[in-house]
Protein chains: 2
Amino acid sequence: MTGAASSCGTGIRNTTGQKPSKRAFRGAVTRVAVALGVGVALVLRAVAAEDRLSSWNDGPAKRAIEDFVARVSDASSAEFVAPRDRIAVFDDNGTLWAEQPVYFQAQFAIDRVRELGPSHPQWRFEHPFQELLAADTASALGNRENDIATLVMATHAGLTTGEFRDIVNRWISMARHPRFQRPYTDLTYEPMLELLQLLRGHGFKTYIVAGGGVDFLRPWVEHTLGIPPEQALGSTIRLRYEMRRGTPVLVRLAQIDEIEDGPGKPAAIQKHIGHAPLIAFGNSDGDREMLEWTKAQPGPHLVALIHHTDAVREWAYDRRSRVGRLDAALDEAIADGWLVIDMKADWGQVFPFERATELNR
Amino acid sequence: MTGAASSCGTGIRNTTGQKPSKRAFRGAVTRVAVALGVGVALVLRAVAAEDRLSSWNDGPAKRAIEDFVARVSDASSAEFVAPRDRIAVFDDNGTLWAEQPVYFQAQFAIDRVRELGPSHPQWRFEHPFQELLAADTASALGNRENDIATLVMATHAGLTTGEFRDIVNRWISMARHPRFQRPYTDLTYEPMLELLQLLRGHGFKTYIVAGGGVDFLRPWVEHTLGIPPEQALGSTIRLRYEMRRGTPVLVRLAQIDEIEDGPGKPAAIQKHIGHAPLIAFGNSDGDREMLEWTKAQPGPHLVALIHHTDAVREWAYDRRSRVGRLDAALDEAIADGWLVIDMKADWGQVFPFERATELNR
């Protein structure tokens, strides 16, 4: 609208100070009308762009998604689905944002260990803290599940829910991704942001069903992805209600509550949402049951795997990766006809900052 | 609109078959216009009525609610709250619907025991099944928590989520409340239905945070109270993902997962919704922590207890009741200035069917 408003201004401003003739006035009016027309067109284009998968390359993946969304949201379609049932669920790491070289949350836990190290002298003799405090890089840890669980318990518990949220917010604003030297929130996938927007524009409720901890995600996914806290599901640790100086608080305990991975994902969706979704996206074996269960429901459904195939713009990995392993789920996707999205071929742009970087060259 | 449409029809129908004069035509037009005006007025009144607490008596409780809702939803108010944070939570039994002589879900479990009795011969020798199978009425059981837990496990587990939903739906359509001889869904409180409607009309998301089992509620609260499954929280039992004849299902296990009562309620709200609500309603000691926690948040909030004081239209009970005991929470409400709603004084109508019954006399 800024562009349209300034054209509009140029059209009617009289810089010479002379009284404009009737004809000039008519010309000005015409120019105003044209400018307004352009303005309206720009607005319409902006609205349309919001609903378009513009960073997806034309091809079968983009077509399959657009066709499905049109079919279930068009009231005259045989496959129309009431808005109440238009639920779309998305895995977190590797589906909505990058997960290499380690999950964001693992890096958060590592940074927390280093920050808390001085007040935990015993950590210098305990695995995995010892290695982390000594090593220069996150790769010292890898992604061994047990180590991550130990770290999460040591760094995510003992605080109130409000204290933990503040710590996550501070980290997310300060930390930089080692490869891109940008905030971690910049590593969301532009095509997935567009897809979320497209779905909301067609009456879908969009959910994250994360393997990761939901309290690590909620502070930033609302701002970054437009997903409000009540539409973010994920793994949890137990909370205890207690009074601190006369004020009730919820304290995070070092006890696992829900683990939303593998068969835990459909169970969590049933528990939190109450029924199966219409659309499910994932990228690893931990998403297999969620996609399988979604596909088994009667009526239309769309299940898709993001396949990390782009070593240049992102990372290429699948069957042998320590992070986000995609093996059995890829076999099932091929055998059962799930949509497999080839990041290299299907995405014209991966991260939101790519276009800006190109333009600045 | 039916009334308006038929007035409209009367105005223009020419029953004599004669060609109407110009004057008669003008008269007809006038009548059409009047009828349309009446129609519009009726529609406007219907819209306004939806947003009004018409079965609440004028008094401090009604005023406190209306004032609060106006203050937080008016953009020019100093206490304006963004729509994202307009979350209202409601306890289930005794807050949104009646809970006497036993919780609906306890009666459902009792009826299930009687239905399943023939295929469980050992129940004839086991407490509490033995007493239930022998006794004529539900009062043989009472509401002893252990007995209810035993019953729930025996009758709510072992089925898939879909099978259980179908059984609940069948019960809710067949069962009749012993005092009113009406479906249990008729025993929702008219003033609370109006309040839910008022809140939604002001941009609130309305949630149930039930002590009872969420899978017993979800099949009917959407239709009866307009609360979709993802906005119903409650106690849960664990689910196991498994394949049955090649189809993935979720099977209900005889293991408690979450118990949403007392301090479990604020913990569940934090876990499922991600932050404290703006409004919380309850009626028993099991709601105390939920209300206390809501009230402790910074900014505006409204916390209220429904006090069962009407032995004629409903039931009168509080500190010594086996069902829905209200004792410590009532003390705290009085000491801390929570809104206490006196059902007898504050509600002009309790159940939706009362008005229809009066009109039929």
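How many of the residues of helix α10 (residues 264-272) of chain B are buried? The count is 9 of 9, so to speak a mostly covered helix; buried here asks for 20 or more other C-beta atoms within 10 Å of a residue's own, with exposed at 12 or fewer, partly exposed in between, and C-beta atoms placed from the backbone. The buried set runs through B:G264, B:K265, B:P266, B:A267, B:A268, B:I269, B:Q270, B:K271 and B:H272. Just past the end of α10(B), B:G274 adopts a positive phi of about 100°. Helices (H or I, at least four residues) and strands (E, at least two) are DSSP runs, numbered from the N terminus.

A word on conventions: this is a predicted model, in which local features need pLDDT of at least 70 and side-chain atom pairs count only at pLDDT 80 or more, while totals for chains, interfaces and linings use all residues. Residues are numbered from 1 along each chain as its sequence is written, and chains are lettered from A and ligands numbered from 1 in the order in which they are written.

As for the two chains, chain B lands on chain A after a rotation of 180° with 0.0 Å of shift along the axis, at an RMSD of 0.0 Å (least squares on C-alpha atoms of residues with pLDDT of at least 70 in both copies). That is how a two-fold axis relates things. B:H272 has the C-alpha of chain B nearest the axis, 3.5 Å from it.

Where the chains meet, 26 residues of chain B are in contact with 26 residues of chain A, contact being C-beta atoms, placed from the backbone, within 7 Å. On the chain B side, β4 (237-244), β5 (247-256), α10 and α11 (288-295) each chip in at least two residues, and α10(B) gives the largest share, 5 residues. By type, that side splits into 13 nonpolar, 7 polar and 6 charged (Ala, Val, Leu, Ile, Met, Phe, Trp, Tyr, Cys and Pro are nonpolar, Asp, Glu, Lys and Arg charged, the others, Gly among them, polar). The copies meet through the same surface, because 100% of the interface residues of chain B are also interface residues in chain A.

Chain A also shows an open sheet of 6 strands, ordered β3-β2-β1-β6-β7-β8 with parallel pairing; strands pair if DSSP finds at least two bridges between them. Its edge strands, β3 (232-235) and β8 (339-342), each pair on one side only.

Definitions and conventions
Two residues are in contact if their C-beta atoms, placed from the backbone, lie within 7 Å.
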